[in-house]
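Hi,

Here is the structure I promised to pass on. Have a look at it first, and then read my notes underneath.

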Amino acid sequence: MSSEEGEQKKDDLSDLFSSDTSDTTDEKSDEAFSRMESDLTYYKSKLCSERFCWTIGTTILLDLIFFEKLTLWPEPLVICAFEVVLLVVMANRLGVKEISILLYRVIDGWAGQKDKG
């Protein structure tokens, strides 16, 4: 097993010191850069989704706290309508497309039921 490791290290060293290293290192660095760029895009997307989820959670908690103090029933409905609009705008700005798709399906379903009735 040690002879195989020695041969592998020898091959690695010969590849490292060969004259064609500029092509292989450029290809390797391009691959690494591409992989890092795709990872960055993935983590940015996840960060935006997490930020939106925290905003939704905070909004729900604040609503639970403040809606107890409201006396008339239309007040929470108006506040929720404004919150939905603001949250949809925020979702679009953060790149969370699932919220827009869900909202469009709900509106289309509601409008379809209204047309039938």
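Which helices each supply at least two residues of the lining of the largest pocket? They are α2 (21-67), α3 (74-94) and α4 (97-116). Helices here are DSSP runs (H or I, at least four residues), numbered from the N terminus.

Before going on, some housekeeping. This is a predicted model, where local features need pLDDT of at least 70 and side-chain atom pairs count only at pLDDT 80 or more, while totals for chains, interfaces and linings use all residues. Residues are numbered from 1 along each chain as its sequence is written, and side-chain values use heavy atoms, with hydrogens and water left out.

As for confidence, pLDDT is the predictor's own score for each residue, from 0 to 100. The protein averages 82, and 77% of the residues score at least 70. Among the elements, helix α1 (residues 2-17) has the lowest mean, 57, and α3 has the highest, 91.

Back to the pocket. A pocket is an open set of points on a 1 Å grid over the protein atoms alone, where a 1.4 Å probe fits, with protein on both sides within 12 Å along at least five of seven lines; lining residues have an atom within 4 Å of a point. The largest one has a volume of about 150 Å³, meaning the space filled by probe spheres set on the points. α3 brings the largest share of the lining, five residues. The full lining is F52, I56, C80, E83, V84, L87, V88, I99, L102 and L103. By class, that makes nine nonpolar, no polar and one charged; Glu counts as charged, for instance, and Leu as nonpolar.

Next, the core. A nonpolar core is a set of buried Ala, Val, Leu, Ile, Met, Phe, Trp, Tyr and Cys residues joined through side-chain atoms within 4.5 Å. Buried means under 20% relative accessible area, exposed means over 50%, and partly exposed is in between (1.4 Å probe, protein chains only). The largest core holds six residues: C48, F52, L87, A91, L94 and V96. Both α2 and α3 give two or more residues to this core, and α3 gives the most, three.

L47 sits in α2 and is partly exposed, at 45%. L47 and L94 are 47 residues apart in sequence, yet 9.2 Å apart in space, C-alpha to C-alpha.

Finally, there is one aromatic pair. The rings of Y42 and Y43 have centres 5.3 Å apart and planes at 70°, so the pair is edge-to-face (centres within 6.5 Å; planes under 30 degrees apart are stacked, over 60 edge-to-face, the rest tilted). Y42 is partly exposed at 46%, whereas Y43 is exposed at 56%.

Cheers

How values were computed. Rings of Phe, Tyr and Trp (its six-membered ring) pair if their centres lie within 6.5 Å; planes under 30 degrees apart count as stacked, over 60 as edge-to-face and the rest as tilted.
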